[in-house]
Each structure stands twice: as structure tokens, then as C-alpha cells.
Amino acid sequence: MNVAFRRHSGTMRHKRGRSDRVSQSLREDGALGSAVGMKQFYAQLVVVVGSVLVAGSGFAASIHNAGSSAVVLVVVEDGNKAEVALDAGGSDVICASGCFLTLPNGDRIGLAGGETVEIKDGVATIK
């Protein structure tokens, strides 16, 4: 910081250098931020991150076994095959980015994500 002091009439005066004038100008314009500006920034950041988290889970498909017995479903998502077992009355969330679902009776369903699939006695209903 370029700071110089002058003694004038018995008092000390602060003489500002160019770098002091620039940083003061930036502070006055709000370019360096303030406590209020930073609080607003963090509040907006929390809202954006929260929205992304909520929206991310909103695009996954949910499945519910409304039948009286357990079922095993085969899920293929991005080329990865997995088995999902659901007890009677059980639910799960699958297919965040789209998948194929194979039911116990052999039917194959393509899901984009966001659907609700209800399985009852081996038959799927997409809502």
C-alpha cells in the first residue's frame, strides 16, 4: 500500500497513493463486495444448490409394489444391469437418467425418469 504521511500544522495527515484510491473506488462501487453482498451471494447459492438437489431426485422414477407378494425387477441403466427386490407394499426410486425395467412376467418397460410405476400381481401401471 502506498501510504505517506505529512506533518502539517502540528497534525498528521494521511496522503493517499494511487493504489489506495483504486481500492477505495472499488469498495465504493461495490466491486470488492460487502458483508451484505456476501450474505446475499451465499443465500442465493444455498437456494440454487437446494433446487438442484430437489430437481435431481424429481427426475428419477419411483416404483411401488402394491401386490401381496415380493417381486424382483431387473433394471438396466446406462448399460449396467441390477436386480431390485421389493417386498409387498415396498417402494424404491430408480432410473435417475432413464432405464429399462424388466418385470417378473417378462414385460420390458422403457422409463425416462420421473414416472411412478405401480406393480400389482406382476402387472405394471405407469402413472
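Strand 3 and strand 6 pair in the antiparallel sense over four bridges, where pairing calls for at least two DSSP bridges between two strands. Helices (H or I, at least four residues) and strands (E, at least two) are DSSP runs numbered from the N terminus. Please keep in mind that this is a predicted model, in which local features need pLDDT of at least 70 and side-chain atom pairs count only at pLDDT 80 or more, while totals for chains, interfaces and linings use all residues. Residues are numbered from 1 along each chain as its sequence is written, and side-chain values use heavy atoms, with hydrogens and water left out.

**The mixed sheet around strand 3**

- Within the pairing of strands 3 and 6, Ala61 has Ile94 of strand 6 as its bridge partner, and His64 has Ser91 of strand 6.
- Strand 3 also pairs with strand 9 (residues 116-120), running parallel to it over four bridges; here His64 stands opposite Glu118 of strand 9.
- These strands belong to an open sheet of four strands in the order 6-3-9-10, with mixed pairing.
- At its edges lie strand 6 (91-94) and strand 10 (123-126), each of which pairs on one side only.
- From one strand to the next the twist averages 20°, using axes that are lines fitted to C-alpha atoms (for helices over the stretch in contact) and angles from 0 to 180 degrees between N-to-C directions.
- The side chains of strand 3 alternate: Ala61, Ile63 and Asn65 point to one face and are buried, whereas Ser62 and His64 point to the other and are not buried.
- For accessibility, buried means under 20% relative accessible area, exposed means over 50%, and partly exposed lies in between (1.4 Å probe, protein chains only).

**A closer look at Asn65**

- Asn65 sits in strand 3 (residues 61-65) and counts as buried because its relative accessibility is 1%.
- A polar atom of the Asn65 side chain lies 3.3 Å from the backbone oxygen of Leu86, and one lies 3.2 Å from the backbone oxygen of Asp87.
- Such polar contacts are pairs of N or O atoms within 3.5 Å; within protein, one atom must be able to donate a hydrogen and the other to accept it, and residues adjacent in sequence count only if both atoms are side-chain atoms.
- Leaving aside neighbours within four places in sequence, Asn65 is in contact (heavy atoms within 4.5 Å) with Ala70, Val71, Leu86, Asp87, Ala88, Gly89, Gly90 and Ile119.

**The antiparallel sheet**

- A further group of four strands forms an open sheet in the order 5-4-7-8, and its pairing is antiparallel.
- Its edge strands are strand 5 (80-86) and strand 8 (108-111), each pairing on one side only.
- On average, neighbouring strands of this sheet are turned by 25° against each other, direction ignored.
- Strand 4 (residues 71-77) pairs with strand 7 (residues 99-102) in the antiparallel sense over three bridges, and Val75 has Leu101 of strand 7 as its bridge partner.

**The disulfide**

- The structure has one disulfide, counted as a pair of cysteine sulfur atoms within 2.5 Å.
- This disulfide joins Cys95 to Cys99, with an S to S distance of 1.6 Å.
- The torsion about the S-S bond of Cys95 and Cys99 is about 60°, so the disulfide is right-handed.
- Both Cys95 and Cys99 are buried.

**The salt bridge**

- One salt bridge is present, meaning a side-chain nitrogen of Lys or Arg within 4 Å of a carboxyl oxygen of Asp or Glu.
- Its partners are the side chains of Glu118 and Lys127, at 3.2 Å from N to O.
- Glu118 counts as partly exposed because its relative accessibility is 24%, while Lys127, at 59%, counts as exposed.

**The protein as a whole**

- The secondary structure comprises two helices and 10 strands.
- From the N terminus on, the elements run β-β-α-α-β-β-β-β-β-β-β-β.
- Of the 127 residues in the protein, 22% are buried.
- Among contacts with a separation of 6 or more, 37% are between residues 24 or more positions apart.
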